[in-house]
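Colleague: I am new to this structure and would be grateful for guidance on reading it. May we take it feature by feature?

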Amino acid sequence: MTQAGTRGPLDDGAPAPRKRTSLSSSAIYERIKNMAATYEFKPGERINEIELSKRLEVSRTPLREVLNQLMVEGFLERTANKGFTSRPLDAKQVFDLYEYRLGIETAIARLACKRATDAGIDELAAATMRDNSIPDDSDSAELLALDEDFHMGLARLTRNEEFVRALANVNARIQYVRWIDMRNGRRPYTQAEHVGIIEALKSRDETALVALLESHIARRQDQITEVIKLGYSEIYTRSKP
């Protein structure tokens, strides 16, 4: 029997236990970042925080913190009337990101020529040779991951964590467009160009290395526009039979 003024654990009207967040903040971040990067949220779509919190089984506070962080990092946008929205799939924005990536990677190349150890270059070369054994018709996401690993490996040779962090961010922001590019036959060219980049790095030929990266990364706006058309088609047909 319970004392007056208190309730037993099974009494009607007892407050329900609060639902505990099942994911850590970092896990929520990675999950939503991936959803944004792959346009699981359609371009310009409003993010319904209540529905998303229920879907992920997390509370609103850590969810809002993650959404704010992803907005700052460029994965989401926010407006006064709509709240958080998915970023647009816009040719000019993607072109700007490719220019930004090119600037980062050419700076990385120059520094890697000066700082990379012979052992570090050999390790990257060995990984590149292993990647060459992966068939060109493999899963596009796997091929893209291998390509990103190559460029991140090159960045790590600089021993500058800010370059590594900046490249990881821009890679994630153009990941979807690069995936479409890879799915449409880009991979054979990518691998051959990686081998040339390694050879220039081994020779410490900064001029050749920068020129190869410029050719490897740069995209014309008309090329990006065409890839985006394919991307829109994939986004709006992926849920159909």
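Modeller: The discussion below goes from the overall fold to single residues.

Modeller: Please bear in mind that this is a predicted model.

Colleague: Which elements does the chain contain, and in what order do they run from the N terminus?

Modeller: One begins by listing the elements. The chain has 10 helices and 2 strands. Starting at the N terminus, their order is α-α-α-β-β-α-α-α-α-α-α-α.

Colleague: How much of the chain is buried?

Modeller: Of the 241 residues in the chain, 42% are buried. The accessible surface amounts to about 13,500 Å², and carbon and sulfur atoms hold 51% of that surface. Contacts can also be read by their separation along the sequence. Among contacts in the chain with a separation of 6 or more, 76% are between residues 24 or more positions apart.

Colleague: Where should one look for the nonpolar interior?

Modeller: In soluble globular proteins, nonpolar side chains tend to be buried together. In this model, the largest nonpolar core has 43 residues, and the members that touch the most others are Leu 154, Leu 157, Leu 201 and Leu 209. At least two residues of this core come from each of the helices H4 (91–115), H5 (118–132), H6 (140–156), H7 (161–173), H8, H9 (206–217) and H10 (221–237). H4 gives the largest share, 11 residues.

Colleague: What does Leu 154 contact, leaving aside its neighbours within four places in sequence?

Modeller: Leu 154 is in contact with Glu 105, Ile 108, Ala 112, Leu 124, Leu 201 and Leu 213, once those neighbours within four places are left aside. Another core, of 19 residues, lies apart from the largest one; among its members are Met 35, Ala 36, Phe 41 and Val 58.

Colleague: How does one read the two sides of a helix, and which residues of H2 are buried?

Modeller: One asks where the buried residues point around the axis. Helix H2 spans residues 49–56, and its buried residues are Glu 49, Leu 52, Ser 53 and Leu 56. These residues are on the same side of H2, because the arc they cover around the axis is only 100 degrees. Turned away from that buried side is a face with the exposed residues Glu 51 and Lys 54.

Colleague: Against which elements do the buried residues of H2 pack?

Modeller: They pack against helix H1 (25–37), helix H3 (60–72) and strand S2 (83–86).

Colleague: What is found at the start of H2, and which residue follows the helix?

Modeller: The two ends of a helix deserve separate attention. At the start of H2, the backbone nitrogen of Ile 50 has a side-chain oxygen of Asn 48 within 3.2 Å. After H2 comes Glu 57, which has a positive phi, near 60 degrees.

Colleague: How many aromatic pairs are there, and how does one judge their geometry?

Modeller: The count is 3 aromatic pairs. For each, one reads the distance between ring centres and the angle between planes. The ring centres of Tyr 39 and Tyr 176 are 5.3 Å apart and their planes stand at 65 degrees, so this pair is edge-to-face. The two residues are 137 residues apart, and their pair links distant parts of the chain: Tyr 39 is in the loop between H1 and H2, and Tyr 176 is in helix H8 (residues 175–202).

Colleague: Are Tyr 39 and Tyr 176 buried or exposed?

Modeller: Tyr 39 is buried, its relative accessible area being 2%. Tyr 176 has 4% relative accessibility and therefore counts as buried. Tyr 176 also forms a tilted aromatic pair with Trp 179, at 5.8 Å centre to centre and 40 degrees between the planes. Both of these residues lie in helix H8, 3 residues apart, about one turn of the helix. Tyr 39, Tyr 176 and Trp 179 together form one aromatic cluster.

Colleague: What may be said of Lys 202 and Ser 138?

Modeller: Lys 202 is placed in helix H8. Its relative accessibility is 41%, so Lys 202 counts as partly exposed. Residues up to four places away in sequence not being counted, Lys 202 touches Ile 121, Asp 122 and Ala 125. The C-alpha atoms of Lys 202 and Ala 116 are 9.4 Å apart, although 86 residues separate the two along the chain.

Modeller: Ser 138 is found in the loop between H5 and H6. With a relative accessible area of 19%, Ser 138 is buried, because the cut-off is under 20%. The side chain of Ser 138 comes to 2.9 Å from the backbone oxygen of Pro 135.

How values were computed
Residues numbered from 1 in each chain as written. Predicted model: local features only at pLDDT ≥ 70, side-chain atom pairs only at ≥ 80, totals over all residues. Heavy atoms only, no water. Buried < 20%, exposed > 50% of the residue type's maximum accessible area, 1.4 Å probe, protein only. Helix = DSSP H or I, 4+ residues; strand = E, 2+ residues; numbered from the N terminus. Arc of directions from axis to C-beta. Contact = heavy atoms within 4.5 Å. Polar contact = N/O pair within 3.5 Å; in protein donor to acceptor, adjacent residues only side chain to side chain. Phe/Tyr/Trp six-rings, centres within 6.5 Å; stacked < 30°, edge-to-face > 60°. Core = buried A, V, L, I, M, F, W, Y, C linked by side-chain atoms within 4.5 Å. Areas by Shrake-Rupley, 256 points an atom, 1.4 Å probe, with all protein chains shown as cover.
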